[in-house]
Amino acid sequence: DMGLPSKKTLFQLCVEKLRRLVHTAKERGGPSARLPFLIMTSPLNDAETRAFFAERSYFGMAEEDVWFFEQGTLPCLTPEGKIIMESAGVVAEAPDGNGGVYPALQRSGCLQRLQDAGV
(Lines give C-alpha, C1' and ligand atoms only; values in the text may rest on other atoms or scores of the structure.)
Protein backbone atom coordinates (compact mmCIF):
# COMPACT_ATOMS: atom_id res chain seq x y z
CA ASP A 1 0.00 0.00 0.00
CA MET A 2 1.56 3.27 -1.16
CA GLY A 3 -1.00 5.36 0.68
CA LEU A 4 -3.16 6.02 -2.37
CA PRO A 5 -6.92 6.36 -1.84
CA SER A 6 -7.41 3.42 -4.22
CA LYS A 7 -5.09 1.22 -2.08
CA LYS A 8 -3.59 -0.08 -5.32
CA THR A 9 -0.01 -1.26 -5.42
CA LEU A 10 2.57 0.08 -7.85
CA PHE A 11 2.50 -3.27 -9.64
CA GLN A 12 -1.27 -3.07 -10.07
CA LEU A 13 -1.06 0.47 -11.43
CA CYS A 14 1.61 -0.58 -13.94
CA VAL A 15 -0.42 -3.58 -15.10
CA GLU A 16 -3.55 -1.47 -15.50
CA LYS A 17 -1.63 0.99 -17.67
CA LEU A 18 -0.16 -1.82 -19.78
CA ARG A 19 -3.60 -3.38 -20.23
CA ARG A 20 -4.99 -0.02 -21.39
CA LEU A 21 -2.17 0.32 -23.91
CA VAL A 22 -2.83 -3.16 -25.30
CA HIS A 23 -6.57 -2.43 -25.46
CA THR A 24 -5.91 0.83 -27.34
CA ALA A 25 -3.56 -0.93 -29.78
CA LYS A 26 -6.18 -3.58 -30.48
CA GLU A 27 -8.82 -0.91 -31.08
CA ARG A 28 -6.52 0.74 -33.61
CA GLY A 29 -6.10 -2.36 -35.69
CA GLY A 30 -3.60 -4.50 -33.85
CA PRO A 31 -5.79 -7.52 -33.03
CA SER A 32 -2.85 -9.54 -31.73
CA ALA A 33 -1.25 -6.69 -29.79
CA ARG A 34 0.72 -7.88 -26.76
CA LEU A 35 2.98 -6.04 -24.38
CA PRO A 36 5.11 -8.02 -21.93
CA PHE A 37 5.68 -6.68 -18.43
CA LEU A 38 9.28 -7.36 -17.41
CA ILE A 39 9.92 -7.36 -13.68
CA MET A 40 13.45 -7.50 -12.34
CA THR A 41 13.59 -9.09 -8.91
CA SER A 42 16.42 -9.77 -6.52
CA PRO A 43 17.36 -13.11 -5.00
CA LEU A 44 15.84 -11.76 -1.78
CA ASN A 45 12.38 -11.02 -3.20
CA ASP A 46 11.97 -13.17 -6.31
CA ALA A 47 9.76 -15.88 -4.82
CA GLU A 48 7.70 -13.35 -2.87
CA THR A 49 7.15 -11.17 -5.96
CA ARG A 50 6.12 -14.12 -8.11
CA ALA A 51 3.70 -15.30 -5.42
CA PHE A 52 2.29 -11.78 -5.05
CA PHE A 53 1.38 -11.72 -8.74
CA ALA A 54 0.04 -15.28 -8.78
CA GLU A 55 -2.16 -14.65 -5.71
CA ARG A 56 -3.69 -11.66 -7.50
CA SER A 57 -4.12 -13.46 -10.83
CA TYR A 58 -1.51 -11.16 -12.38
CA PHE A 59 -3.97 -8.26 -11.93
CA GLY A 60 -5.85 -9.49 -14.99
CA MET A 61 -2.82 -9.60 -17.28
CA ALA A 62 -2.06 -12.84 -19.12
CA GLU A 63 0.43 -14.82 -17.04
CA GLU A 64 2.58 -15.47 -20.11
CA ASP A 65 2.97 -11.71 -20.58
CA VAL A 66 4.48 -11.18 -17.11
CA TRP A 67 8.18 -11.99 -17.26
CA PHE A 68 10.21 -12.17 -14.08
CA PHE A 69 13.98 -12.16 -14.16
CA GLU A 70 16.49 -12.03 -11.34
CA GLN A 71 19.19 -9.44 -11.12
CA GLY A 72 22.68 -10.58 -10.27
CA THR A 73 24.59 -10.05 -7.07
CA LEU A 74 28.01 -8.73 -6.17
CA PRO A 75 30.16 -9.23 -3.08
CA CYS A 76 29.63 -6.64 -0.35
CA LEU A 77 32.65 -4.53 0.48
CA THR A 78 33.52 -2.17 3.29
CA PRO A 79 34.38 1.45 2.41
CA GLU A 80 38.01 0.32 2.62
CA GLY A 81 37.42 -2.38 0.00
CA LYS A 82 37.48 -5.38 2.33
CA ILE A 83 35.09 -8.26 1.68
CA ILE A 84 32.21 -8.52 4.14
CA MET A 85 31.42 -11.99 5.38
CA GLU A 86 27.82 -13.04 5.97
CA SER A 87 29.01 -15.92 8.12
CA ALA A 88 32.13 -18.06 8.40
CA GLY A 89 33.13 -19.00 4.86
CA VAL A 90 30.20 -17.17 3.22
CA VAL A 91 30.74 -13.86 1.43
CA ALA A 92 27.89 -11.37 1.88
CA GLU A 93 26.27 -10.39 -1.40
CA ALA A 94 23.89 -7.65 -2.49
CA PRO A 95 21.91 -7.10 -5.71
CA ASP A 96 24.02 -5.52 -8.45
CA GLY A 97 21.51 -2.74 -9.05
CA ASN A 98 20.07 -1.19 -12.20
CA GLY A 99 23.36 -1.54 -14.04
CA GLY A 100 22.88 -5.30 -13.93
CA VAL A 101 19.66 -5.17 -15.94
CA TYR A 102 21.27 -6.04 -19.27
CA PRO A 103 23.27 -9.07 -18.13
CA ALA A 104 20.22 -10.23 -16.14
CA LEU A 105 17.98 -9.94 -19.22
CA GLN A 106 20.44 -12.04 -21.19
CA ARG A 107 20.98 -14.67 -18.46
CA SER A 108 17.23 -15.11 -17.95
CA GLY A 109 16.43 -15.55 -21.64
CA CYS A 110 14.19 -12.46 -21.63
CA LEU A 111 16.46 -10.64 -24.05
CA GLN A 112 16.15 -13.46 -26.58
CA ARG A 113 12.38 -13.55 -26.07
CA LEU A 114 12.23 -9.82 -26.80
CA GLN A 115 14.39 -10.22 -29.91
CA ASP A 116 12.25 -13.14 -31.09
CA ALA A 117 9.17 -10.93 -30.66
CA GLY A 118 10.77 -8.24 -32.83
CA VAL A 119 11.39 -5.74 -30.04
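This is a short tutorial dialogue on reading the features of a predicted model.

Me: Where should I start with strand 1, and which of its side chains are buried?

Reply: In a regular strand the side chains alternate between the two faces of the sheet. In this predicted model, strand 1 covers residues 37-41, and its side chains follow an alternating pattern in which Phe 37, Ile 39 and Thr 41 point to one face and are buried, while Leu 38 and Met 40 point to the other face and are not buried.

Me: How many bridges join strand 1 to strand 2, and which residue of strand 2 does Thr 41 stand opposite?

Reply: The two strands run parallel and are joined by five bridges, and within this pairing Thr 41 faces Glu 70 of strand 2. The chain passes from strand 1 through helix 2 to strand 2, and the β-α-β crossover made in this way is right-handed. Strand 2 itself is mostly covered, with four of its five residues buried.

Me: In helix 2, which residues are buried, and which side of the helix do they take?

Reply: An α-helix has 3.6 residues a turn, so residues three or four places apart point the same way. In helix 2 the buried residues include Asp 46, Thr 49 and Phe 53. They lie on the same side of helix 2, because the arc they cover around the axis is only 70°. On the other side of helix 2 one finds Ala 47, Glu 48 and Glu 55, which are exposed.

Me: What is the C-alpha to C-alpha distance between Phe 11 and Phe 53, and where is Phe 11 placed?

Reply: Phe 11 belongs to helix 1, and its C-alpha is 8.6 Å from that of Phe 53, although the two are 42 residues apart in sequence. Phe 11 has a relative accessibility of 27% and therefore counts as partly exposed. Leu 13, also found in helix 1, has its C-alpha 9.2 Å from that of Phe 59, with their positions 46 residues apart in sequence. Because its relative accessible area is 30%, Leu 13 is partly exposed. For another pair, Lys 7 and Ile 84, which are 77 residues apart along the chain, the C-alpha atoms are separated by 39 Å.

Me: What is the sign of phi at Lys 7, and is Lys 7 buried or exposed?

Reply: Most residues other than glycine have a negative phi, and most peptide bonds are trans. Lys 7, which is not a glycine, has a positive phi near 65°. This residue lies in the segment before helix 1, which spans residues 10-27, and because its relative accessibility is 54%, Lys 7 counts as exposed.

Me: Where is Tyr 58 found, and what is its phi?

Reply: Tyr 58 sits in the loop that runs from helix 2 (46-55) to strand 2 (66-70), and its phi is positive, at about 55°, although Tyr 58 is not a glycine. The relative accessible area of Tyr 58 is 12%, and so Tyr 58 is buried, the cut-off for that word being under 20%.

Me: What volume does the largest pocket have, and which residues line it?

Reply: Rolling a probe the size of a water molecule over the atoms shows where empty space is left. The largest pocket here has a volume of about 160 Å³. Its lining includes Leu 18, Arg 19, Val 22 and Lys 26, together with Ala 33, Arg 34 and Leu 35, and also Gly 60, Met 61, Ala 62 and Asp 65. Sorted by class, the residues of this lining are six nonpolar, one polar and four charged.

Conventions. Residues are numbered from 1 along each chain as its sequence is written. This is a predicted model: local features need pLDDT of at least 70, side-chain atom pairs count only at pLDDT 80 or more; totals for chains, interfaces and linings use all residues. Side-chain values use heavy atoms; hydrogens and water are left out. Buried means under 20% relative accessible area, exposed over 50%, partly exposed in between (1.4 Å probe, protein chains only). Two strands pair if DSSP finds at least two bridges between them. A crossover is right-handed if, with the strands pointing away from the viewer, the path from the first strand over the helix to the second runs clockwise. On a 1 Å grid over the protein atoms alone, a cavity is a set of points where a 1.4 Å probe fits but cannot get out, and a pocket is an open set with protein on both sides within 12 Å along at least five of seven lines; lining residues have an atom within 4 Å of a point. Grid points are joined across faces, edges and corners, and a volume is the space filled by probe spheres set on the points. Ala, Val, Leu, Ile, Met, Phe, Trp, Tyr, Cys and Pro count as nonpolar, Asp, Glu, Lys and Arg as charged, and the others, Gly among them, as polar. The arc is that of the directions from the helix axis to the C-beta atoms.
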